[in-house]
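Welcome to the tour. Please open your viewer, switch on the cartoon and keep the selection box at hand.

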Amino acid sequence: MRREIFAGSAVAVLMLTTAACGSSDNYGGKAPAVQPVGDSKQVGSGYGDPYGSGSGAAPAGAADKSGPAGELKVSEIQGLGSGVTDSAGITLYRFDKDTPKPPKSNCEGDCAAAWPAVAANDASVSAGIDAALLGSVERSDGTKQLTLAGWPVYRYAKDVKAGDALGEGVGGTWHVLGPGGKPAGAGKGAAAGAEKEEKEKKPAAEAKGGELTAVQNPELGTLVEDAEGKTLYRFDKDSAWPMKIGCVGACTDTWKPALPVDKNKVSGIAPELIGKVKRPDGTEQLTIDCWPVYSFTGDKEPGDTTGHNNKGLWFAITDKGKKAKVVG
């Protein structure tokens, strides 16, 4: 049947595409040959880079951020409390995917361009940090990286002045380094999380009426939010049909692929538009009208749309699977 349709006109091909998009899984029980757009090793160095420069290179000044830390200090980080900075007041970070025992860095390549490793030489401490916690780890390129309590230490390419902490929470895995090696504000965050959980009497999906909900944004129109109230987005370098995934590797540190949902638990969105696609790594991702959808780690509060029109490539997705309008 499919061979007969493909032998027909271009109109027939479009009809097939529409039919496939309306299926329960977007690939009719067979995973399509989903491939990254271009060389997958290069995706993170362009539109996929965690800081969204779109250039494949770290922002100006990033090259200077791999130098020694000098005297580590305890500084007050807004909203987090005590965090560690270098001698110039630049915020230092740790990566949850690293290990402290034994120390090991898992940030290489594109990741290291966004998160320069701090050199181990000439490090010292001021009051509030135990000098015994200082150490080093050898990276894959043979250089020595500073560690604190076993955790490899990094700067963030987007932090440009003392006190900046733009890397906090990126990808859910990067955190300002606390004086003892734990994430800054870890205790405060745990207490806040417990308080929030206590206050919430209903699961988010139940409170919102489903796993996906169409909501009215006064500027952008009807948008789609997940069960946590996060705005969902589509990416211009993805392809709806044939399915191609343009956001892989480091890109997914910033743009999180949305998980598939039960099409019977959506509110305000036509169930036939809901599907899923198998990503190159074998995981499954939610689709709306064949477009893979993502959440943005830069959105901090329910209803935020800070990812809309990001670099002219990312757009909030509407209840029809279309790009939301660009305002201004």
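Which residue stands opposite Lys-276 in β17? Select Lys-276 and look across to the partner strand: the residue there is Leu-286.

Before going further, a word on what you are looking at. This is a predicted model, in which local features need pLDDT of at least 70 and side-chain atom pairs count only at pLDDT 80 or more, while totals for chains, interfaces and linings use all residues. Residues are numbered from 1 along each chain as its sequence is written, and side-chain values use heavy atoms, with hydrogens and water left out.

**Stop 1: the sheet around Lys-276**

Now select β16, β17 and β18. These 3 strands form an open sheet in the order β16-β17-β18, with antiparallel pairing. β16 (274-278) and β18 (291-292) are the edge strands, each pairing on one side only. Strands here are DSSP runs (E, at least two residues) and helices are runs of H or I with at least four residues, numbered from the N terminus; two strands pair if DSSP finds at least two bridges between them.

Zoom in on β16 and β17 (residues 284-288), which pair over 5 bridges. Besides the pair you have just seen, Ile-274 stands opposite Ile-288 in β17. Follow the chain round the hairpin, which has 5 residues between the strands, and stop at Gly-282, where phi is positive, near 95°.

Next, show the side chains of Glu-284 and Lys-276. They form a salt bridge, with the closest N and O atoms 3.5 Å apart. The term covers a side-chain nitrogen of Lys or Arg within 4 Å of a carboxyl oxygen of Asp or Glu. Side chains of opposite charge can pair when their charged atoms come close. Glu-284 counts as partly exposed because its relative accessibility is 31%, and Lys-276, at 23%, is partly exposed too. For these labels, buried means under 20% relative accessible area, exposed over 50%, and partly exposed in between (1.4 Å probe, protein chains only).

**Stop 2: a hairpin near the start of the strand numbering**

Select β1 (residues 71-77) and β2. The two strands run antiparallel and are joined by 5 bridges. Find Lys-73, and opposite it you will see Thr-85 in β2. This hairpin has 3 residues between its strands, and Gly-79 takes a positive phi near 85°. Now colour β2 (residues 81-85) by burial: 4 of its 5 residues are buried, so the strand is largely enclosed by the rest of the structure.

**Stop 3: Arg-155 and Asp-86**

Show the side chains of Arg-155 and Asp-86, which meet in a salt bridge at 2.9 Å, N to O. Arg-155 lies in the loop between β9 and β10, and Asp-86 in the loop between β2 and β3 (93-95), so the pair ties together parts that are 69 residues apart in sequence. Both Arg-155 and Asp-86 are buried.

Stay in the loop between β9 (151-152) and β10 (174-176) and pick Ala-157. Is Ala-157 buried or exposed? Ala-157 counts as buried, because its relative accessibility is 0%.

**Stop 4: Asp-236 and Lys-323**

Finally, select Asp-236 and Lys-323, whose side chains meet in a salt bridge at 3.3 Å, N to O. Asp-236 sits in the loop between β13 (232-235) and α6 (251-254) and Lys-323 in the segment after β20 (314-316), so this pair ties together parts 87 residues apart in sequence. Asp-236 is partly exposed at 29% relative accessibility, and Lys-323 is partly exposed at 38%. To keep exploring, note that a search of the whole structure finds 8 salt bridges.
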